[in-house]
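Me: I'd like a close look at one part of this model, the largest pocket. Please go through its lining slowly, then set it against the rest of the chain.

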Amino acid sequence: MERDIFQRIIDRDIPATIIYEDAQVIAFLDIDPETKGHFLVVPKKYSENLYDIKDEELANLILVARNLALEQVEKLNADGFKLQINNNESAGQSVFRTHVHIIPCYED
């Protein structure tokens with residue numbers, strides 16, 4: 001299986017601005033952000049999307065995503081955030097590996 005772009009970031013084959021990493025997940029800034037501070041949280045263990053991720057991996061992913069979102073919203077002085085997971089091409093998924101978008105929101 002060919003390594004996707006996120007696996008190449010995990011393996012450090014391509015650069016990314018990593019904001020968090022542990023044994024199970026990695027978080028880095030989106031290369032085409034919707035807003036300032038838009039980042040992704042990606043499990044290191046491969047799954048395509050919510051259709052096939054294991055429950056315990058999803059639970060950990062969401063907990064880490066929420067905690068990082070709260071931390072980054074405060075750091076960036078944002079007013080809120082969107083937590084978004086796209087599943088399949090029709091829903092806007094373009095990298096076919098489970099990942100969470102954290103998109104900070106600003107009133108202005």
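Reply: Let's fix the word first: a pocket is an open set of grid points where a 1.4 Å probe fits, with protein on both sides within 12 Å along at least five of seven lines. The volume quoted for one is the space filled by probe spheres set on those points. Do keep in mind that this is a predicted model.

With that in hand, the largest pocket holds about 330 Å³ of space. Its lining is made of 21 residues, and those closest to the centre are Phe6, Asp30, Leu40, Val95 and His101. Helix H1 (5-10) is the top contributor to the lining, giving three residues, and strand E2, like H1, supplies at least two. Sort the lining by class and you get eleven nonpolar residues, eight polar ones and two charged ones.

Two of those central residues lead straight to a neighbour worth a look. Asp30 and His101 are both touched by His38, whose other contacts include Leu29, Asp32, Pro33, Ile102, Ile103 and Pro104. His38 is in the loop that runs between E2 and E3. Is His38 buried or exposed? Its relative accessibility comes to 3%, and the cut-off for buried is under 20%, so His38 counts as buried.

Now for the packing around all this. Phe6, already met at the pocket centre, turns up again below. What makes up the largest nonpolar core? It has twelve residues: Val25, Ala27, Phe39, Val41, Ile53, Leu61, Val64, Ala65, Leu68, Ala69, Val100 and Ile102. At least two residues each come from E2 (25-29), E3 (39-43), helix H2 (55-76) and strand E5 (100-105). H2 is the biggest giver here, with five residues. Set apart from that core is another one of nine residues, and that is where Phe6 comes back, along with Ile10, Ile14 and Val42 among others.

Within the twelve-residue core, Val41 is a handy place to stand. Leaving out residues up to four places away in sequence, Val41 touches Val25, Ile26 and Ala27, then Leu61, Val64, Ala65 and Leu68, and finally His99, Val100 and Ile102.

A little further on in E3 sits Pro43. Its relative accessible area is just 5%, so Pro43 is buried. Its contacts, with the same sequence neighbours left out, are Ile10, Gln24, Val25, Ile53, Leu61, Arg97 and Thr98. That list includes Ile10, a member of the nine-residue core, and also Val25, Ile53 and Leu61 from the twelve-residue one. Ala23 is 20 residues from Pro43 along the chain, and their C-alpha atoms are 9.2 Å apart.

Lys54, in the loop between E3 and H2, makes a contrast with Pro43. Lys54 has a relative accessible area of 43% and is partly exposed. Between its C-alpha atom and that of Ile103, 49 residues away in sequence, there are 24 Å.

Two backbone oddities are worth checking by eye while you're there. Arg12 isn't a glycine, yet its phi is positive at about 65°. You'll find Arg12 in the loop linking H1 to strand E1 (18-21), where it is partly exposed at 45% relative accessibility. Asn77, not a glycine either, has a positive phi of about 60°. Asn77 belongs to the loop between H2 and strand E4 (80-84), and at 65% relative accessible area it is exposed.

Finally, zoom out. The chain has two helices and five strands, in the order α-β-β-β-α-β-β from the N terminus. Its radius of gyration is 13 Å, close to the 13 Å the globule rule gives for 108 residues, so the chain is as compact as a globular protein of that length. Along the principal axes, the C-alpha atoms fill a box of roughly 45 × 25 × 25 Å. Of the 108 residues, 41% are buried. And of the contacts between residues at least 6 apart in sequence, 51% join residues at least 24 apart.

Key. Residues numbered from 1 in each chain as written. Predicted model: local features only at pLDDT ≥ 70, side-chain atom pairs only at ≥ 80, totals over all residues. Heavy atoms only, no water. Core = buried A, V, L, I, M, F, W, Y, C linked by side-chain atoms within 4.5 Å. Buried < 20%, exposed > 50% of the residue type's maximum accessible area, 1.4 Å probe, protein only. Helix = DSSP H or I, 4+ residues; strand = E, 2+ residues; numbered from the N terminus. Contact = heavy atoms within 4.5 Å. 1 Å grid on protein atoms, 1.4 Å probe; cavity = no way out; pocket = protein on both sides within 12 Å on 5 of 7 lines; lining within 4 Å. Nonpolar A, V, L, I, M, F, W, Y, C, P; charged D, E, K, R; others polar. Rg over C-alpha atoms; globule rule 2.2 N^0.38 Å.
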